[in-house]
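User: Can you walk me through this model? I have a few things to ask.

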Amino acid sequence: EHLVLDSLLGSSCRRLHHNVGQTAILVKAILDDLDADQDQDGLRKIIPLKQRIEYLRTHARAMSSCIAHALGDDEEMAGMNLTWIQERAGQVPPAEQHEEVEALLEGARREVDTLRRELAELSERIDDYREVVNISLDS
């Protein structure tokens, strides 16, 4: 019954997961390359990567916020029961009719939260690397 909602949530999560995965691959490759040659030019290579991570973190925070907002409103979740509404000529379902929608949203929230943690770890790796390089350049 909730195929549209499941499809939208799944598609959004898969897209974010793909982008995070690609970014993680780039972070690893660039940091591995920079390990061989630590210099200021190398640090410049990671600036666009750091910006990409921050963009994805902002996007993931927005997704998480939207999901949390919907989860906080039983009536809104019940209103996502489109089949129920269609079968009853547009009547709004009672707030108690939200369990299936809530389960879909909870699953999406868990996935987005996991991706947010991965992005935070990537960001921290870059920051740690920059700090190490700066210390070694100062020596």
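User: Is Thr-23 buried or exposed?
Analyst: Quick caveat before that: this is a predicted model, where local features need pLDDT of at least 70, side-chain atom pairs count only at pLDDT 80 or more, and totals for chains, interfaces and linings use all residues. Numbering runs from 1 along each chain as its sequence is written, and side-chain values use heavy atoms, with hydrogens and water left out. Buried means under 20% relative accessible area, exposed over 50%, partly exposed in between (1.4 Å probe, protein chains only). Thr-23 comes out at 2% relative accessibility, so it is buried.

User: Which residues does Thr-23 contact beyond its neighbours within four places in sequence?
Analyst: Thr-23 sits in helix 1 (helices are DSSP runs of H or I, at least four residues, numbered from the N terminus). With contact meaning heavy atoms within 4.5 Å, the partners of Thr-23 outside that window are Leu-49, Arg-52, Ile-53, Leu-56 and Leu-122.

User: Which helix gives the most residues to the largest nonpolar core?
Analyst: A nonpolar core is a set of buried Ala, Val, Leu, Ile, Met, Phe, Trp, Tyr and Cys residues joined through side-chain atoms within 4.5 Å. The largest one has 29 residues, with Leu-105 among those touching the most other members. Helix 1 (3-36), helix 3 (47-71) and helix 6 (99-138) each give two or more. The top contributor, with ten residues, is helix 6.

User: How are helix 3 and helix 6 oriented to each other?
Analyst: Their axes (lines fitted to C-alpha atoms over the stretch in contact, angles from 0 to 180 degrees between N-to-C directions) come within 9 Å and cross at roughly 155 degrees. Angles over 145 degrees count as roughly antiparallel, so helix 3 and helix 6 are roughly antiparallel.

Note on methods: Parallel < 35°, antiparallel > 145°, perpendicular 65-115°, else oblique.
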